[in-house]
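Welcome, and thanks for opening your viewer. Let us walk through this structure one selection at a time, with a short note at each stop.

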Amino acid sequence: MKIIDLRSDTVTKPSPAMRKAMASAVVGDDVFEDDPTVVKLEAMTAEILGKEKALFVPSGTMGNEVCIKVLTKPGDEIIVEEGSHIYNNEVGAPAALSGIQLHVIKGVKGIFTAEQIEDEIRTPDVHHPNVTVISVENTHTQSGGTVFPLSEVKKIKKLADRHKIKMHLDGARLWNACVAKGIPPKEYAASFNCLSVCLSKGLGAPIGSLVAGEEDFIFEARRVRKRLGGGMRQVGIIAAAGIYALKNNYKRLAEDHQNAKFLAQRLSEIDGLEIDMETVQTNLVVIDIRNSGLSVPEVVAKLKEKKVLVVPFGKTLIRAVTHLDVNRKDLEKAVEVFKKVFLKNE
Ligand code: TLP
């Protein structure tokens, strides 16, 4: 049996057609801004997101951190959700790289409201840090890929404008949110000063993210990227994969979402496994094993022995992700493996 790798959508490998596009990419030196394929990818992404400019960066983490650094000064504060990637999974970068502090608020399944933030915004006072940014994550990874409602984003944006606070979007999986809701990315991006989006997740490119914003923002972002060591050279070879991914792998995300629902439904029928079906809105499935009598490391190891890979996702949680390298048949096989692991335990 082939390995069924459900750890993340980041595990996808470039297809033969994507590799062909990469091999034939016209390249230049991107630090001189003369790699035509990068220029094309940046223009294409800016257009999709309805922003003046975009900048190619190596990862979603760098995308977020470049945005934070451009928008803040040391000592500032930004508002983030408790389960956010920026707070939990970026190795303390906001403090280490930008010298800022995070003001953490608790959402419901990753979603917070304008009303809730209103109470959290500090009044101007000699003692208080400046609150400069509100950060939204869509989809929300820790909550299992939940979609942040556009209507609430618009309310938060109004509030932010009133307080002269900037808006940042961690849109690592924005594409999934937009496909799930049938909303054009532009419409979503309109409420944000800047955003970071990834090509290396559901879209299946091997590397790459972009930040987008207005021209002066991207000018500064380019300098910060360089300072962080992210200035790249003949990187059109990778940008070509991104262009291919945006053109060919965007619409098919709907298939990953249907597959995630299928997987979640089938797994939730197994005794000892619990899944909050309300959170299965895109391609992530978070499975609670607290009533299975097994520990997370045991489950991960037993599944791995049988060639199904998942990741630990909390004390009693594991995560399975659907993507373009797993089809319905693979998922049916994965369900059989889960059954063996959990039924044996009875
Ligand atoms: N998320 C990864 C892990 O780090 C958890 C995954 O497998 O889901 N923002 C969000 C919302 C993300 O989920 C991720 C990656 C990133 C940023 C970072 O992207 P990379 O890995 O490209 O730095």
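Which side chain does E33 meet in a salt bridge? Select R222: its side chain and that of E33 come together at 3.4 Å, N to O. A salt bridge here is a side-chain nitrogen of Lys or Arg within 4 Å of a carboxyl oxygen of Asp or Glu.

Before moving on, a word on the model: it is predicted, local features need pLDDT of at least 70, side-chain atom pairs count only at pLDDT 80 or more, and totals for chains, interfaces and linings use all residues. Residues are numbered from 1 along each chain as its sequence is written, and side-chain values use heavy atoms, with hydrogens and water left out.

**Stop 1: helix 10 and the loop after helix 1**

Stay with E33 and R222. E33 sits in the loop between helix 1 and helix 2, R222 sits in helix 10, and the two are 189 residues apart, so this pair links distant parts of the chain. Helices (H or I, at least four residues) and strands (E, at least two) are DSSP runs, numbered from the N terminus. Colour by accessibility and you will find E33 partly exposed, at a relative accessible area of 45%, while R222 counts as buried at 18%. Buried means under 20% relative accessible area, exposed over 50%, and partly exposed in between (1.4 Å probe, protein chains only). Now add E42 to the selection: E33, E42 and R222 are linked in a network of salt bridges.

Next, select R225 and D30. Their side chains meet in a salt bridge of 3.5 Å, N to O. This pair also links distant parts of the chain: R225 belongs to helix 10, D30 to the loop between helix 1 (16–23) and helix 2 (36–49), and their positions lie 195 residues apart in numbering terms as a separation along the chain. R225 is buried, with a relative accessible area of 2%, and D30 is buried too, at 1%.

**Stop 2: a charged patch**

Select E52, E214, E215, D216 and E220. These residues gather in a patch of negative charge on the surface. Patches are made of residues with over 30% relative accessible area and no salt bridge, where like charges are joined within 9 Å and nonpolar side chains (Val, Leu, Ile, Met, Phe, Trp, Tyr) within 5 Å. Lys and Arg count as positive and Asp and Glu as negative, while His and the chain ends are not counted. The place of a charge is taken as NZ of Lys, CZ of Arg, CG of Asp or CD of Glu. Accessible areas come from the Shrake-Rupley method with a 1.4 Å probe. One of the patch members, E220, is in helix 10 (residues 215–227) and is partly exposed, with a relative accessible area of 35%.

**Stop 3: strand 3 and its neighbours**

Select residues 77–81, which form strand 3. Is this strand enclosed or open to the outside? It is largely enclosed by the rest of the structure, because 5 of its 5 residues are buried. Both faces are covered, with E77, I79 and E81 on one side and I78 and V80 on the other.

Now show the neighbours. Strand 4 (residues 101–105) pairs with strand 3 in the parallel sense over 5 bridges, and E81 stands opposite I105. Strand 5 (residues 131–137) also runs parallel to strand 3, joined to it by 3 bridges, and I79 stands opposite I134 there. Two strands pair if DSSP finds at least two bridges between them.

**Stop 4: strand 2 and strand 8**

Move to strand 2 (residues 53–57), where 4 of the 5 residues are buried, so the strand is largely enclosed by the rest of the structure. Its antiparallel partner is strand 8 (residues 209–213), paired over 5 bridges. Look for L55, whose bridge partner in strand 8 is V211.

**Stop 5: an open sheet**

Select strands 9, 12 and 11. They make an open sheet of 3 strands in the order 9-12-11, with antiparallel pairing. Strand 9 (284–288) and strand 11 (311–312) are the edge strands, each pairing on one side only. Strand 9 meets strand 12 (residues 317–321) over 5 bridges, and V286 has R319 as its bridge partner.

**Stop 6: within one helix**

Finish at K157 and D161, whose side chains form a salt bridge of 2.9 Å, N to O. Both lie in helix 7 (residues 150–162), 4 residues apart, about one turn of the helix.
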